[in-house]
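Student: Hey, can you walk me through this one? I haven't looked at it before.

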Amino acid sequence: MTMNVLAPQYADGASRRAVLAREIRHQDPDVLALQEVTQEDVAALVDDGWHVVPHRS
């Protein structure tokens, strides 16, 4: 699954993260690629069971 999360300052970031987190749990992907995320977004979107590999830029 790939998802462009969009920077949190746009489009009511906190509420949008809750909806995205719910959808990620519902879809239950094996691999998840997130674009335009902060460390805070990652923490809000996935649980501790994921192996997170950040891109350097």
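**Contacts along the chain**

Tutor: Sure. Taking contacts in the protein chain between residues at least 6 apart in sequence, 55% of them link residues at least 24 apart. Keep in mind that this is a predicted model.

Student: OK, so what's the mean pLDDT of the chain?

Tutor: The mean for the protein chain is 85, with 88% of its residues at 70 or more. Among the elements, strand β2 (residues 33–35) has the highest mean, 90, and helix α2 (residues 39–45) has the lowest, 86.

Student: How many helices and strands does the protein chain have, and in what pattern?

Tutor: There are two helices and two strands. Following the sequence, they come as β-α-β-α.

Student: Switching topic: what volume does the largest pocket have?

Tutor: About 450 Å³. It has 18 lining residues, and the closest to its centre are Leu34, Val37, Val52, Val53 and Pro54.

Student: Which element gives the most to that lining?

Tutor: That's β2, with three residues. Both β2 and α2 supply at least two residues each.

Student: And how do the lining residues divide into nonpolar, polar and charged?

Tutor: The lining of the largest pocket has 11 nonpolar residues, six polar ones and one charged.

Student: Back to the whole chain. What share of the residues is buried?

Tutor: Buried residues are 26% of the 57 in the protein chain.

Student: And what does the accessible surface come to?

Tutor: About 4,400 Å² for the protein chain, and carbon and sulfur atoms account for 51% of that.

Terms used
Residues numbered from 1 in each chain as written. Predicted model: local features only at pLDDT ≥ 70, side-chain atom pairs only at ≥ 80, totals over all residues. Heavy atoms only, no water. pLDDT = per-residue confidence, 0-100. Helix = DSSP H or I, 4+ residues; strand = E, 2+ residues; numbered from the N terminus. 1 Å grid on protein atoms, 1.4 Å probe; cavity = no way out; pocket = protein on both sides within 12 Å on 5 of 7 lines; lining within 4 Å. Points joined across faces, edges and corners; volume = space filled by probe spheres on them. Nonpolar A, V, L, I, M, F, W, Y, C, P; charged D, E, K, R; others polar. Buried < 20%, exposed > 50% of the residue type's maximum accessible area, 1.4 Å probe, protein only. Contact = heavy atoms within 4.5 Å. Areas by Shrake-Rupley, 256 points an atom, 1.4 Å probe, with all protein chains shown as cover.
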